[in-house]
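Please open the structure in the viewer and keep the selection tool at hand. The tour below proceeds stop by stop.

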Amino acid sequence: MSHQAQPSEAYERPPNKRLSRAFSPVTKQAWNFVQATVLQNPYIPLTPYPKQAAFLGLPTKEAFYGGASFGGKSYALLMAALQFVQVPGYSALLLRKTFADLAQPKALMSIAQEWLSPFLDKGVSWNVQQHRWTFPSGAMVTFGYLDGPMDKYRYQGSGYQYIGWDELTQFDESDYRYLFGWLRKTQGVDIPLRMRAAGNPGGKGHDWVKRRFIDDKSRIFVPARLEDNLSADKKSYEQSLNELDPVTHRQLRWGDWQIRPSGNLFKREWFPIVETSTVRSVCCRFWDLAVTEGGGDWTVGALISRDSDGLFAV
């Protein structure tokens, strides 16, 4: 099949030979998979960039893409959602934290409108109330959100073969893990089950995302930076990023998962370091056992002493 929709000028199609170099002989099967499900897919009007293609060719159930900003995350997630829309019974779900996030310009739902609107008179339909595209095969791609603690139950009882999370660090870990319960298929359906996510360092979910995908080497993380987006105006975006504070700049420009903002309660420079403390009048030890459900931080203990003059030592 040939591509029937034209790519936007802002996302120019690179030569395919650049893609083939992204796959070693060991991943020849993955390259063939991308050719069949992306390059020959009439509903995907763009050729993925090498990092995106590597992400789209993964055989694993779970994978995380991105790190730095402007690395092509939303496009990669939408391409992945559309890979099997010509297979009857296929169902995909794409998630953002809020509905407003979904509907913003160049966000998931607006990109899908740009790509799929040319097929509205060719058997493809859009349900405004359900935020769902339906294809001639009967396959469906639905857009959803998880803004509140009860929103995840909206998807209870459904069955998806693909669930994509855009800006994963905005979500709670409990929401992410709960949706695995609805990643399923019936026997005889030749579609892989895929949980895919993308995001940047920072946000309320930084710690659990870092622990799950960056620190745990058993899961797949495909890092992407500004340099991996071959159509980006890098110079102008660099100028924009330079206006950020140093921590956010490193997170968004370089995908730095280690750097963190300083605490708000205590400053390191307030406390002089001594070899041996002479403060011994009253001592107290406290343990934070870190038993937060679904994860939490490390167990921490602190021994604090106070003398009669009100001087403390930690």
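The stops that follow lead from the whole protein to a central topic, one strand and its partners, and then to some individual residues.

**The whole protein.** Begin with everything displayed, bearing in mind that this is a predicted model. The protein contains ten helices and eleven strands. Of its 314 residues, 44% are buried. The accessible surface amounts to about 17,000 Å², and carbon and sulfur atoms account for 54% of that area. Consider also the contacts between residues at least 6 apart in sequence: 67% of them join residues at least 24 apart.

**Strand S7.** Select residues 194–199, which form strand S7. Six of the six residues here are buried, so the strand is largely enclosed by the rest of the structure. Which residues lie on each of its two faces? Arg 194, Arg 196 and Ala 198 are on one side, while Met 195, Ala 197 and Gly 199 are on the other. Both faces are covered.

**The partners of S7.** Keep S7 selected and add residues 62–67, which are strand S1; five bridges join S1 to S7, and the two run parallel. Within this pairing, Gly 66 may be found opposite Gly 199 of S7. Next, add residues 162–166, strand S6, which also pairs with S7 in the parallel sense, over five bridges. Here Gly 164 stands opposite Arg 196 of S7. To follow the chain from S6 to S7, display helix H7, residues 173–178: the path passes through this helix, forming a right-handed β-α-β crossover.

**Glu 167.** Now select Glu 167, in the loop between S6 and H7. Its phi is positive, about 60°, although the residue is not a glycine. Is Glu 167 buried or exposed? Its relative accessible area is 16%, and a residue under 20% counts as buried, so Glu 167 is buried.

**His 131.** Move to the loop between strand S3 (125–127) and strand S4 (132–134), where His 131 is located. His 131 is not a glycine, yet it has a positive phi of about 50°.

**A nonpolar surface patch.** For the last stop, select Ile 304, Phe 312 and Val 314. Together these residues form a nonpolar patch on the surface, with about 330 Å² of accessible area. Phe 312 belongs to strand S11, residues 312–313. Its relative accessibility is 53%, and the threshold for an exposed residue is over 50%; Phe 312 therefore counts as exposed.

Definitions and conventions: Residues are numbered from 1 along each chain as its sequence is written. This is a predicted model: local features need pLDDT of at least 70, side-chain atom pairs count only at pLDDT 80 or more; totals for chains, interfaces and linings use all residues. Side-chain values use heavy atoms; hydrogens and water are left out. Buried means under 20% relative accessible area, exposed over 50%, partly exposed in between (1.4 Å probe, protein chains only). Helices (H or I, at least four residues) and strands (E, at least two) are DSSP runs, numbered from the N terminus. Two strands pair if DSSP finds at least two bridges between them. A crossover is right-handed if, with the strands pointing away from the viewer, the path from the first strand over the helix to the second runs clockwise. Patches are made of residues with over 30% relative accessible area and no salt bridge: like charges are joined within 9 Å, nonpolar side chains (Val, Leu, Ile, Met, Phe, Trp, Tyr) within 5 Å. Accessible areas come from the Shrake-Rupley method with a 1.4 Å probe; for residues, only the protein chains shown count as cover. A salt bridge is a side-chain nitrogen of Lys or Arg within 4 Å of a carboxyl oxygen of Asp or Glu. Contact means heavy atoms within 4.5 Å.
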